[in-house]
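Good morning, colleagues. Please take a moment to bring up the sequence and the structure, and I shall then go through two parts of it.

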Amino acid sequence: MRPLRRLLVSALLALSACGGGGGGAPVTPAGDPYLPKTPPAGPPPAGLEAATWLTHLDQDLLPYWRLDAAQGVPVGNFPTYRGMDGSVQGSTLRKPRMLGRQVFAYSAGFLLTGDEALLDLARAGNRWLLDQARDTARGGWYADLDATGAPSGDGPKFAQDMAYAVMGPAAYFFVTRDPEAEAAVLATRDLLFDPARFWDAPNGRIRDGMDGNLAVEVSMNGNPGSWELVAQLDPVTAFELLVQPVLSDPARRDQALADLKTLTARIRTSFFSEGIFWGATGSVGTYGSGHTDYGHILKAYGALLQVDKRLADRPHQAFLASNVAAALHRAHDAPNGRWAKRPLSASVEEYGSDWWAYAEADQLAAALALHDPAWIAVLGATAPHFVADYVDRTRPARELVPSISRTGAWVWGWTDADTAKCNQWKSGFHSTEHALVMSIFSHWLAGTPATLYFAFPAGQVAALAATARPYTWEGRVVAWTDLGPLAADATRHKVQVTFDQLH
C-alpha cells in the first residue's frame with residue numbers, strides 16, 4: 001500500500017472502528033468498565049512475550065497437524081484417531097465435531113502466521129465437512145462418518161456436536177468470508193433455534209439433542225428432566241460469538257447478538273448457583289457431577305464476559321463484578337502456579353488439570369487482566385507452565401498431552417500408539433486457540449498492535465479489512481496491508497490487519 005493511501009485508509013478505519021455496527025469496536029459510554037486500558041509500564045513477565053506464542057504454535061503445536069497422517073486421504077478427510085507420534089491409530093470412524101475442530105486449528109494457525117499452507121488445509125477440511133458431513137435430507141450434521149466420508153449409523157444429533165461440527169465452517173468463514181461456509185453456519189444456527197426441532201420455546205433453551213430424524217428429543221445424560229449446560233454454552237463459544245459481528249447481513253448480526261443474549265441469560269438462570277456453573281440442571285449443587293469442572297465453569301464466565309461487551313445494556317456486568325474474580329481465584333492453585341481441575345465441595349478442590357480446562361482458565365485470566373492488572377502476575381506463572389508441562393518434547397511432532405498432576409507431571413506414560421493426543425474429544429482446537437488468545441493478549445501487554453491475517457475476496461479487501469476483528473475480543477483496526485492474491489486461489493488476497501485498543 002502506498003504511504004499516502006495508507007494514511008487515508010488508517011484515518012477512515014479509525015472512524016469506522018469507532019462507529020460500532022457490524023464492524024470495529026462498538027461505541028462504549030463514558031465510565032464503561034470495558035473501555036480499553038493501557039497496560040502497566042515495564043517489561044512483561046517472562047513467557048508472556050508475543051514471540052513466545054508464535055514459537056509455541058510453530059514448534060510445539062503445528063508440526064503434529066502438518067503431518068501427512070493428519071491431513072487424511074483425500075486431504076480434508078482428517079482422521080479422528082491418531083497416536084502420540086502422529087500416526088493413524090484406532091477406529092477409522094470420523095467424528096464431524098472433530099473435523100470441525102481441526103479446521104479451526106488450521107484457520108487459527110493462518111490467522112497468526114499467514115501461512116497459506118495452513119489455509120489450504122482449512123479449505124480442504126471445510127470442503128469435506130460441507131460435502132460429506134451435512135445431512136442434506138433431514139438437516140443438521142451426521143454423528144459419525146466412515147473412513148470414506150459416508151454416514152456411519154444414525155446416531156443422535158446433539159446440540160454440542162452440531163456446534164463443534166460447524167465450528168470448522170465458522171472459523172473458515174471468519175478468516176475468508178466464504179459465503180458457502182457462512183450459509184452452513186446460518187443453517188446450523190437456524191436448526192438450533194427451530195421450535196420444531198432443537199429449540200424448546202416454552203423453556204427458552206436449546207434441547208440437548210434430537211434423534212437422527214430430528215423428530216424425538218434425546219437427553220445427553222439419560223435423564224430427560226435434566227438439561228445439559230453444554231447445549232447452551234457450546235453454541236455460544238464454538239461459533240456464534242466468533243461469527244456474530246462479521247456476518248454479511250446486518251439483520252443476521254442482530255439476530256445472532258440476540259441469540260447470545262438469550263443463551264447467556266439461560267446459562268445464568270438455569271445453571272448458576274453458589275459461584276458455580278453446574279453441568280446440568282439435574283445436578284445443580286452436586287459436586288463431582290458431569291461437566292461441573294473448572295473448564296466448563298470458567299468457560300461459562302468467559303462467554304458471559306465477551307457477550308456482555310457487545311450488549312448495550314450490559315446485562316451481565318454486575319453479575320460478573322460480583323462473581324468472576326472469586327471463581328477464578330478459587331480455581332487458581334497459587335502454591336503451584338497452576339490451575340485446579342474441579343471443586344469437590346464448597347471448600348475442597350481436585351488438583352491437576354486437563355489441557356483444555358487449563359487453556360480456558362488462562363484465557364479468562366487474560367481477559368480479566370485487560371482491566372485488572374493483578375491477573376498479569378497470575379498469568380506470568382500459569383501460562384509458562386502450560387507450555388512447559390503439556391508439550392510433548394519426547395516425540396518430534398510434539399503437541400500436548402491431555403492431563404497433568406498438580407506439580408505438572410504427566411499422569412500417564414502414553415505409548416506412541418495411544419490416541420490421547422487426537423481422539424473423539426481431543427483435536428487441535430483448544431491448543432491453537434490458547435496460542436491465539438495468548439498472542440493477542442501479549443501484544444496488549446507489550447503495548448504493541450496485534451497482527452492477524454485474513455483471506456478476503458479481492459474486490460472487498462478494503463471494506464472487510466475495515467471491519468475485521470481480533471478473534472472474539474474487541475479492538476480497533478490500526479492499519480491493513482493487501483499482500484496480494486493467494487497462491488491457491490487468486491480470487492482472494494492475503495490481508496494483514498493490525499489491531500490496538502484490545503479489550
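I shall speak about one threonine and then about one sheet.

Please note at the outset that this is a predicted model.

Let us begin with T432. This residue belongs to helix α14, which covers residues 429-446. Is T432 buried or exposed? Its relative accessibility is 0%, and because buried means under 20%, T432 counts as buried. Which residues surround it, if we leave aside the neighbours within four places in sequence? T432 is then in contact with L57, L61, F104, A105 and A108. There is also a polar partner: the backbone oxygen of G428 lies 2.6 Å from the side chain of T432.

I now turn to the sheet. It is open and consists of 3 strands, arranged in the order β14-β16-β15 with antiparallel pairing. At the edges stand β14, residues 450-457, and β15, residues 476-485, each of which pairs on one side only. From one strand to the next, the twist averages 25 degrees.

Consider the pairing of β15 with β16, the strand of residues 492-500. These two run antiparallel and are joined by 7 bridges. Within this part, D482 is found opposite V495 of β16.

Finally, the helices on the sheet. Helix α4, residues 96-113, packs on it and touches β14 and β16. The direction of α4 makes about 115 degrees with that of β14. Helix α6, residues 159-176, also packs on the sheet, where it touches β14 and β16. For α6, the angle with the direction of β14 is about 90 degrees.

Thank you for your attention.

How values were computed: Residues numbered from 1 in each chain as written. Predicted model: local features only at pLDDT ≥ 70, side-chain atom pairs only at ≥ 80, totals over all residues. Heavy atoms only, no water. Helix = DSSP H or I, 4+ residues; strand = E, 2+ residues; numbered from the N terminus. Buried < 20%, exposed > 50% of the residue type's maximum accessible area, 1.4 Å probe, protein only. Polar contact = N/O pair within 3.5 Å; in protein donor to acceptor, adjacent residues only side chain to side chain. Contact = heavy atoms within 4.5 Å. Pairing = 2+ DSSP bridges. Axes fitted to C-alpha atoms, helices over the stretch in contact; angles between N-to-C directions.
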